[in-house]
Amino acid sequence: MYSRRQLLLACLAVFSPVWASSPFDETTLCAPDGSITAKFVAFGATLTELLVKNKDGGLTDVIPGYDDNSRLLTDQGHPVMNAMVGRYANRIKNGTFSIPITKYPQPDGPNVYHTPLNDFSGEATIHGGIYGWDRRNWTIVDVSATSVTYQHIDPADEGFPGTVTVTATHTVSNGGNLHTSVHATATQKTPIMVTQHIYWNLDGFQYGSDDIMAHQLQIPGGRVIEVDGNRVPTGNLIPVPGTPFDFRAAHAIRVAFDEDPSFLGYDYAWIYDDTSVGKTALWSGLSGIRLDIETDQPAVQVYTASLNMPRKQVHGGPTKQYGARSTVAIEQEGWLDAINTPEWGVDQIYGPERKFAWNTKYTFSVVK
Ligand SMILES: *[C@@H]1O[C@H](CO)[C@@H](O)[C@H](O)[C@H]1NC(C)=O
Ligand SMILES: *[C@@H]1O[C@H](CO)[C@@H](O)[C@H](O)[C@H]1NC(C)=O
C-alpha cells in the first residue's frame, strides 16, 4: 500500500516530462488533488496501475497486471490486460465479413474479408486478431502531468481493409476521474469497434478478499445479446427480467453463482436502455471504493474472468495468483459482431467519410 505522500512525491519525481523510450516504460499521470494516479505503457496504450482512495484514506491499486510490463507481449494466456482493443473488439463470426455487410458472406465473394480465427473455439476472431491494437507499440504524441495521447497506425493488419490511424488519450482530473477518448480515421471502408479491456478488483486484494463476488454491480440495461457456443451473437436479445442478467437494481455479483452452482460466469454484453449515455456502477463495501462509468457506447461487456497468473507485488504477488473470479472486466463497446448481424441495423463501417469516436469516463468515490 502506498501513502498519499509517497505518491505525490512519485508524481513530482516522474514528471519531467519523460518521453518513455521503450513501449513498456510507464508514463505516470496524477490529478492535482491526489485523488487518482494512473500509469500507462505505449504497448497497447495500456493502463498498468490505477491508484484511488479507499475508505481508510489510503490508496488502492484497483487493477491486476504484471510487475514486468513486457509480459503484456509474452504472456501466453494473453488476457488482453487493461489495453485498448481494436480494430474490432470482441468476436467476428468465422473471421469473415463483407462490406457492405451481409448476413451470410460468401467466403470468396466480392468485398469479403477474412481475419484470424484466434478465439478459443477456432471459429471466430477475437479482439482484432492475433496482433490486435492491444499488442502493438503505440507512439506517444502528446504528454503532460495529467494526460497522455498515444497514436497507432494500423496498415490493413490482420486482414482488415484500409489503413486506420487511431489515437487514445487518457486524462486524469480532480475528483477521482479518468477519461479515455479514442478517435480513428480510415483510408477506406472498414469496420471499427473499440473497447478498453480493464479488469477490476476494487479491494486491491488488501481487505481479506481474493475475488469480486461480493462487489455490487449495477447496469441499467434491460437486454443482453444472446450468443451461441462460440460466443458469437445469434441475432436474438435476451430480456433480463427473471434471469441472472438483471442488474438494473444493484446486487452482488455472487448471487447468480450462489443460486445455481453450475453457473459458469458472465461473458455477455448488455445493451444500455439510455441511448444517450451508458452508465455502469461497481462498488465494494470492503474498500469502500465505488466506480461509476459513463460512456458514449451502446453496450457493455461484463466478463468474470478466470485469470491464471502471478499477482503484482502490490497485490501479494508473485507467490499469490490472480485466480477464478479475482477480477471482473467491464468493457464499453459497440454491438458485438453487428457486421454479421444486419438485422440490427447498426452501422459499424467507417471510412474517409465517417470518423470513429469512443469516450468513457471512470469516476471513483468512497461509499460510507
Ligand atoms: C468460414 O470461412 C471460411 C473461409 O475463411 C469458409 O471457407 C467457410 O465456408 C466459412 N464457414 C461458414 C459456415 O460460413
Ligand atoms: C514492440 O516493441 C517490443 C519491445 O521493443 C518489440 O519486442 C516488439 O517486436 C515490437 N512490436 C512490433 C509489432 O513492432
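Analyst: For sorting pocket linings, Ala, Val, Leu, Ile, Met, Phe, Trp, Tyr, Cys and Pro count as nonpolar, Asp, Glu, Lys and Arg as charged, and the others, Gly among them, as polar. The model discussed here is predicted.

User: What makes up the lining of the second largest pocket, by class?

Analyst: Seven nonpolar, three polar and four charged residues line the second largest pocket. Its volume is about 290 Å³. Nearest the centre, among the 14 lining residues, are Arg231, Leu264, Gly265, Tyr266 and Asp267. By the definition, Arg and Asp count as charged, Leu and Tyr as nonpolar, and Gly as polar.

User: Why is the pair of Phe245 and Tyr266 called edge-to-face?

Analyst: It is one of 18 aromatic pairs in the whole structure. The centres of Phe245 and Tyr266 are 6.2 Å apart and the planes stand at 65°. Pairing requires centres within 6.5 Å, and planes over 60 degrees apart count as edge-to-face, so both conditions are met.

User: Why does this pair tie together parts that are apart in sequence?

Analyst: Phe245 sits in the loop between strand 19 (233-239) and strand 20 (251-252), and Tyr266 in the loop between helix 3 (254-259) and strand 21 (267-271), so the parts joined are 21 residues apart in sequence. Phe245 and Tyr266 are both buried. They also belong to one aromatic cluster with Phe247, Phe257, Phe263, Tyr268 and Trp270.

User: Why is the pair of Trp335 and Trp344 called tilted?

Analyst: The ring centres of Trp335 and Trp344 are 5.0 Å apart, with the planes at 55°. Stacked needs under 30 degrees and edge-to-face over 60, so the pair falls in the remaining class, tilted. Trp335 and Trp344 are both buried.

User: How do you know that strand 1 pairs with strand 2?

Analyst: Four bridges join strand 1 to strand 2 (residues 36-41), running antiparallel. Pairing takes at least two bridges, so the condition is satisfied. Leu29 stands opposite Ala38 in strand 2.

User: What makes strand 1 and strand 4 edge strands?

Analyst: The open sheet has four strands in the order 1-2-3-4, paired antiparallel. Strand 1 (27-30) and strand 4 (59-61) each pair on one side only. On average, neighbouring strands of this sheet are turned by 20° against each other, direction ignored.

User: Which elements give two or more residues to the lining of the largest pocket?

Analyst: The largest pocket holds about 570 Å³ of space. Its 27 lining residues include Gly77, His78, Pro79, Tyr199 and Tyr303, the closest to the centre. Strand 24 (299-303) and strand 25 (306-310) are the elements in question. Strand 25 gives the largest share, four residues.

Notes. Residues are numbered from 1 along each chain as its sequence is written. Chains are lettered from A and ligands numbered from 1 in the order in which they are written. This is a predicted model: local features need pLDDT of at least 70, side-chain atom pairs count only at pLDDT 80 or more; totals for chains, interfaces and linings use all residues. Side-chain values use heavy atoms; hydrogens and water are left out. Axes are lines fitted to C-alpha atoms, for helices over the stretch in contact, and angles run from 0 to 180 degrees between N-to-C directions. On a 1 Å grid over the protein atoms alone, a cavity is a set of points where a 1.4 Å probe fits but cannot get out, and a pocket is an open set with protein on both sides within 12 Å along at least five of seven lines; lining residues have an atom within 4 Å of a point. Grid points are joined across faces, edges and corners, and a volume is the space filled by probe spheres set on the points. Rings of Phe, Tyr and Trp (its six-membered ring) pair if their centres lie within 6.5 Å; planes under 30 degrees apart count as stacked, over 60 as edge-to-face and the rest as tilted. Buried means under 20% relative accessible area, exposed over 50%, partly exposed in between (1.4 Å probe, protein chains only).
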